[in-house]
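Welcome to a set of short exercises with worked solutions. Keep the structure open beside you and try each task before reading on.

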Amino acid sequence: MRQIPAALLVVAVSACGGEAREAADVGPAATAQTPRGAPTYARDVAPIIHANCSVCHHEGGPGPFALIDYDDVSDHAEQIVEVTHSGFMPPWLPREGFGSFVGERRLSSADKQTLAAWVEGGRLPGDLARAPEPPSFTHGWQLGPPDLELEAEAAFELPADGTDVYRNFVIAVPPGPARFVKTVELQPGAQQVVHHAVMRVDVSGEARRLDEADAAPGFDGMVFGGAKMPGGRFVGWTPGKAPEPGSDDRSWQLAGGSDLVVQVHMRPSGKPELIRPKVGLHFASHPPTKAALAMELSSTSLDIAPGDGDYRVTDTFVLPADVRVLSVYPHAHYIGKQLEGFATLPDGSKRWLIKIDDWDFDWQDQYRFERPIALPKGSVITMDFRYDNSAENPRNPSSPPRRVVFGPNSTDEMAELILEFEPVNPAELRVLDDAFMAKWLSGQIEGARRRVAEQPRSADALANLGALLARASRAEEAKASYEASLALNDDAGVRVDLALVSIALADPEGAEAQLDAALRLDPSHARAHLVRGNRQRLAGNFAGAVASYKRVIAADPEQVEAHNNLGVTYEKLGQPTRAVEAFARAVELAPGRALFRENHGRALEATHAYTEALAAYSAALERNARSIKAMRGVAWILATHPDPAIRDPQQALRVAEAAGRMTSFRSPEVVEALAAGLAASGRFEPASEAIGRALELARAAKRADLVERYKGHARLFETNQAIVLGGS
């Protein structure tokens, strides 16, 4: 929460002296002598205060004092006039007329004049019996009791003094079926020291590993670990902001066993505070019908010389599809001055998204449009930010000014414009996502090249550039960067990265040479053994792959990919029981990963543990409702389970038909499951036709194993016999 400047506090203190007491002594009996038209608290001031100030200024709220009744407002009257006329209060940064947002906090000129006239006229109370009822505030959950309430495992102690703290709290979601979240309400902790909070979701386990590596609760910094915005939705908290009620159509899927990551920005207040965030989840009644994603315009090139009062950075993005923009979140630090976001439409017209003429880091927020902004394909979205690093900037934290560059600390600078989008055509979500990723990678590569130019002898900077180039499929450039890094510092991890690039360049000998070199440097290097094991498995050297994966696990027992790939290799060796064990460990390490549960189900199915396999496939679908492999498994087992209490041919048909539509009925295994469902329902003629189609697809895919199996199914269907598991 932004602290009231000392000068204004002096004004408030002086207003509590004799003059304030004298005005307060003017009780309801004096209202008959109130000059006609003179503003009173009851008639004129209370509505303004209740609508614009009380939301923060109430008991338990983020404001430093309450503004609920006449005495509260009278005690702070001169201070109120001062901060409202200066524009400091109420805190609202967007310029009027450049976007219409939900929950705008603005005082009109008439409101400000009313407040000033009321103070000049002696703070008349008016008829307090007829004053509007003050607003009431819920001190718990603003949206009512959540469907699921979660809390950080332990509190983090914010020290009394020091610089800003960014802390990421990792909160486990209980195991269980996936649910769809309509909205989230955050309670970040002691509101007087929390500047803002943002929540994301992690299914990779990376955030939890970072948490476990940090002695204190959570982990430090502005990086979220592996967490991402859930379903492309922005979830955040700022002082005084009402929680978003959400809608079922714009819900997002939350997998059981995943992690919530709540990043809290805290500012020491002079005394220690315990911070333990809570999350309230409200569930939707059905899956979302409107897909969304978040896109960020940004610049990492910030390098602002001391004294530069008008430093400027820009970024643009060309929309590859028609979209609706739901919200905008501009972000800079202390020396940000003017922040603009707008779109230039294909016809050349300009559509403003946001304009802030006087940026204040203490009051950053997400701004949700009253009505989504429609932008057609080909529109150019622009971020245009200016900074003031001069001594004349009263918010400059450095005196005298110093050089400021891009970085995560509050005294560094950032330039970000985060937009929440919905594609008009949901099928174009992937088009937008791919374009955003390509843009993000391009920006990251540009920043990495600048760091290399600044530190040409930094092996780490060169290796980081190589990793980004490799991710962008620019293998030749990545190879050159990795080789330059190794020339400065021979590192096993970089050798492994270079091996992967060599594979992409169709240079298997070079890849093996790099893996050999990495293992000479570090014989227990887990990733080197993992890459070698993957190569051995793909080459059909399954015994060698098993040995390599076991070396990985010996070096790093929590290397989840090694457990999963070991399971795949055991399947290739015809050892499904061992595969079940390996996949079960992968699921244990990363319960949110649908792929590992699919594989676990397949291995269980191969051991004839059909009920357990059905549970594994169902759990995979809870984490990825579009998993074709899991849908195939569920449909097949429901159609063919030997236990009639579990067998459900009609449900099997529904699942198989849904999977068939998603694959245009071109997956032989999905069509096989459809045939089984038809046969189990006694519809042997269409079942024979379906298995014939599956046989054609298997032959086209050169899957000899499937061809023989489907021939057996066809013989059964011709004799009007359904398939029974265990005898198929």
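**Exercise 1. A serine with a positive phi**

Does serine 664 count as buried or exposed, and at what relative accessibility?

Solution. The model you are looking at is predicted.
- Step 1: find serine 664 in the loop between α20 (649-662) and α21 (668-680).
- Step 2: take its relative accessibility, which is 54%. Exposed means over 50%, so serine 664 counts as exposed.
- Step 3: look at the backbone. Serine 664 is not a glycine, yet its phi is positive, about 55°. Most residues other than glycine have a negative phi.

Now try asparagine 720: where does it lie, and what is its phi near? Asparagine 720 is in the segment after α23. Its phi is near 55°, again a positive value in a residue other than glycine. With 51% relative accessibility, asparagine 720 counts as exposed.

**Exercise 2. Cis peptide bonds**

Find which residue a cis peptide bond joins to proline 90, and which one precedes proline 400 in another cis bond.

Solution.
- Step 1: proline 90 sits in the loop between α5 (77-86) and α6 (109-120). Its cis partner is methionine 89, and omega is about -10°.
- Step 2: proline 400 belongs to the loop between β19 (380-387) and β20 (404-405). The cis bond runs from serine 399 to proline 400, with omega near 0°.
- Step 3: keep the general rule in mind. Most peptide bonds are trans.

**Exercise 3. Two helices that cross**

Describe how helix α12 and helix α13 meet: at what angle do their axes cross, and with which handedness?

Solution.
- Step 1: locate α12 at residues 508-521 and α13 at residues 526-538.
- Step 2: the two axes come within 10 Å and cross at roughly 150°.
- Step 3: the crossing of α12 past α13 is left-handed.
- Step 4: list who makes the contact. From α12 come Pro508, Glu512, Leu515, Asp516, Ala518 and Leu519, and from α13 come Ala528, His529, Val531, Arg532 and Arg535.
- Step 5: sort these residues by class. The contact has six nonpolar, one polar and four charged residues.

**Exercise 4. A pair of rings**

Work out why the rings of tyrosine 334 and phenylalanine 361 are classed as edge-to-face.

Solution.
- Step 1: the count of aromatic pairs comes to 14. In the pair of tyrosine 334 and phenylalanine 361, the ring centres are 4.8 Å apart.
- Step 2: the planes stand at 80°. Planes over 60 degrees apart count as edge-to-face, so this pair is edge-to-face.
- Step 3: place the partners. Tyrosine 334 is in the loop between β15 (323-331) and β16 (336-344), and phenylalanine 361 in the loop between β17 (350-356) and β18 (367-375), so the pair ties together parts that are 27 residues apart in sequence.
- Step 4: check burial, where the cut-off is under 20%. Tyrosine 334 is buried at 15% relative accessibility, and phenylalanine 361 is buried at 1%.

Ring pairs also link Trp92, Phe101, Tyr367 and Phe369 into a cluster.

**Exercise 5. Into the cores**

Which residues have the most contacts inside the largest nonpolar core?

Solution.
- Step 1: this core has 59 residues, and those with the most contacts inside it are Leu566, Ile637, Ile691, Tyr710 and Phe717.
- Step 2: a further core of 47 residues lies apart from it, with Leu93, Tyr166, Ile304 and Ile354 among its members.
- Step 3: go back to isoleucine 691. Leaving out residues up to four places away in sequence, isoleucine 691 touches Glu672, Ala675, Tyr710, His713, Ala714 and Phe717.
- Step 4: follow one of these partners. Histidine 713 lies in helix α23 (residues 704-718) and is buried, with a relative accessible area of 3%. With the same neighbours in sequence left out, histidine 713 touches Trp636, Glu672, Ile691 and Ile723.

**Exercise 6. A buried strand residue**

How far apart are isoleucine 356 and lysine 337, in sequence and in space?

Solution.
- Step 1: isoleucine 356 is part of strand β17 and counts as buried at 0% relative accessibility.
- Step 2: isoleucine 356 and lysine 337 are 19 residues apart in sequence and 8.2 Å apart in space, C-alpha to C-alpha.
- Step 3: Lys337 is among the residues that isoleucine 356 touches, and so are Leu93 and Pro330.

Conventions:
Residues numbered from 1 in each chain as written. Predicted model: local features only at pLDDT ≥ 70, side-chain atom pairs only at ≥ 80, totals over all residues. Heavy atoms only, no water. Axes fitted to C-alpha atoms, helices over the stretch in contact; angles between N-to-C directions. Helix = DSSP H or I, 4+ residues; strand = E, 2+ residues; numbered from the N terminus. Left-handed = near helix turned anticlockwise from the far one by under 90°. Contact = heavy atoms within 4.5 Å. Nonpolar A, V, L, I, M, F, W, Y, C, P; charged D, E, K, R; others polar. Core = buried A, V, L, I, M, F, W, Y, C linked by side-chain atoms within 4.5 Å. Buried < 20%, exposed > 50% of the residue type's maximum accessible area, 1.4 Å probe, protein only. Phe/Tyr/Trp six-rings, centres within 6.5 Å; stacked < 30°, edge-to-face > 60°.
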